[in-house]
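Let's work through a few exercises together, one step at a time. Keep the sequence and the 3D view open beside you as you read.

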Amino acid sequence: MFSKILIANRGEIALRVIRACRELGVKSVAVYSDADARAPHVREADEAVNIGPPPSAQSYLLGDLIIEVAKKHGAEAIHPGYGFLSEREWFARAVRDAGLVFVGPPAEAIAAMGSKTSARTLAVANGVPVVPGTTEALRDADAARAAAREFGYPVLLKAAAGGGGKGMRVVHSESALESSLDAARRESKNAFGDDAVYVEKYIDGPRHVEIQILADMHGRVLSLGERECSVQRRHQKMLEEAPSIAVTPHLRHEMGETAVRVARGAGYVNAGTCEFLLDRAGRYYFLEMNTRLQVEHPVTELVTGIDLVEWQLRIASGERLPFEAKDIIPRGWAIECRITSEDTANGFLPSTGRIDYIHLPSGPGVRWDGGIETGSEIGLHYDPMLAKLIVWARTRELAIERMHRALLELTIEGVETSRDFHLRLMEDAEFRSGNISIQWLERRLPSLTSVAPPPESARAAVIAAVLLADRDRNRGVSLRADGDMADSALKEESSQSASHGWKQLARSEGLR
Ligand code: ADP
């Protein structure tokens, strides 16, 4: 095992890797931008190095500088987390060329999976079903028209270099094709510096089901089962589960074998994920392979008992995987909610500010993977995902109840978050039935994000509670009774409920 590694990331995932390092007795070096000087990952790492101003292009994306820092500080390996440099082939290569270990797949495997078109080509070559469509970028609008006619509308234009749902356009008829192609190209050029776009048949009503794999350097490639990620907004995941309600043991085995075949075909090593669309008839189609740790990896950890970050590090240091496919059987149910700094009641607008109060859920089966604390400044430089709340229980129903309970315990003051949205999701009958697809949330969104006006009696209590809370904050005392007899009764009520219920109501009333 390594004695020291550098973590080329920030936020919750940097902390997640630091935790794995500690448990393995590995020292960690954090890097940070000026905006993150007081971030938890900086404090928790054994060493921390400032690498530049807040914009990621001037800090977290400076691969060469980060490699220099790693060498100077005696780190033997670099863990890239997700996002930032994690899927840049050149970075994986530069780390290797510098005599360090990249905690991830070989640069060649990143390259093979780096573009959706080359990944599709590789999948087809390995006998893996892909979504009907082209495997080459479209030359022009005529080529797009011909392809769309062949596969039939609606079609999806997709950026070959795409990620995070960018550079994607659903096209319902030929009249909209050319303008959508231009838009997808522009968006892709801006986001990825590459305007290659191809066509896929737009599948109606599938689920997003992905398979986690682990591969060591000695030829063992294992599937750790599936995650269901169908709750999406604008092609971006908001909630993930393991296992999937739609996957039988037989299908799990089959999809797992398929993912292993893709990984072997790419010469894959370390943790990776094959994403599939699963249609109502149980047919599945390969979408792409993510050559890194996924945001949603904890749900797999909770149902398999396998620590993926620990195994990323063990594999990168040359260890063999000690388990076999037959040892990996999902146990119970795990759900993850992404807690983002977005105003879900107002079109998911990004919310910024200082976190002036945070209360974290705890108790049986609850895990919090976060990168925030009281005093954290939430700006616009980085991804709005602040944390992940993950629960485990014996069954899906119990996991939903547990998540609901944990979300009720969670209080974050200072920025708007997706907490309330997730609460309503847990209460939603359709979500609870599990009968959902990737298009479900967009249809359901209006009813999940509209806030019912509180009754008149509650309105007065809301105002009282908020005024009291503000007064106490100004005095610098907590919400607990402080001996002011005149309003102690009301204060008692506010102390019990202000931390979530009333304040949420107050906020929805526009009082804060
Ligand atoms: P990205 O890399 O940008 O995340 P993906 O290829 O992983 O792009 O697709 C993101 C999401 O978009 C999928 O999870 C799915 O919900 C939707 N999607 C992708 N391809 C199709 C398709 N052919 N038909 C319908 N939905 C699709």
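Before we start, contact means heavy atoms within 4.5 Å. Axes are lines fitted to C-alpha atoms, for helices over the stretch in contact, and angles run from 0 to 180 degrees between N-to-C directions. Helices (H or I, at least four residues) and strands (E, at least two) are DSSP runs, numbered from the N terminus.

This is a predicted model, where local features need pLDDT of at least 70 and side-chain atom pairs count only at pLDDT 80 or more, while totals for chains, interfaces and linings use all residues. Residues are numbered from 1 along each chain as its sequence is written, and side-chain values use heavy atoms, with hydrogens and water left out.

**Exercise 1. A helix on a sheet**

Find which strands α15 lies across, and describe the sheet.

Step 1. Helix α15 lies across β10 (221-233) and β11, and runs at about 40° to β10.

Step 2. Now read the strand order: the open sheet has eight strands, β13-β12-β9-β10-β11-β14-β21-β19, with antiparallel pairing. Two strands pair if DSSP finds at least two bridges between them.

Step 3. Look at the edges, where β13 (284-290) and β19 each have a single partner strand, so one side of each is left without a neighbour in the sheet. From one strand to the next, the twist averages 25°.

Step 4. Zoom in on one pair: β11 and β14 run antiparallel and are joined by four bridges. Glu241 has Ile335 in β14 as its bridge partner.

**Exercise 2. The largest nonpolar core**

Work out which elements build the largest nonpolar core and where the core lies.

Step 1. Start with the term: a nonpolar core is a set of buried Ala, Val, Leu, Ile, Met, Phe, Trp, Tyr and Cys residues joined through side-chain atoms within 4.5 Å. Buried means under 20% relative accessible area, exposed over 50%, partly exposed in between (1.4 Å probe, protein chains only).

Step 2. Among the 37 residues of the largest core, Ile339, Trp368, Ile412, Leu425, Met426 and Phe431 touch the most other members.

Step 3. Elements that each supply at least two residues include β11 (236-242), β14 (333-340), α12 (396-409) and α15 (440-449).

Step 4. Both domain 2 (104-131 + 205-331) and domain 4 (332-447) give residues to this core, so it lies between them. The domain bounds come from an automatic or database domain assignment.

Step 5. For a general background, nonpolar side chains tend to be buried together in soluble globular proteins.

**Exercise 3. Aromatic rings**

Decide how the rings of Tyr60 and Tyr382 are arranged, and which residue joins them in a cluster.

Step 1. Rings of Phe, Tyr and Trp (its six-membered ring) pair if their centres lie within 6.5 Å; planes under 30 degrees apart count as stacked, over 60 as edge-to-face and the rest as tilted.

Step 2. The whole structure holds eight aromatic pairs. In one of them, Tyr60 and Tyr382 sit 5.6 Å centre to centre with 80° between the planes, an edge-to-face pair.

Step 3. These two partners are 322 residues apart in the chain, and both Tyr60 and Tyr382 are buried.

Step 4. Phe84 completes one aromatic cluster with Tyr60 and Tyr382. Phe84 also has a positive phi of about 40°, although it is not a glycine.
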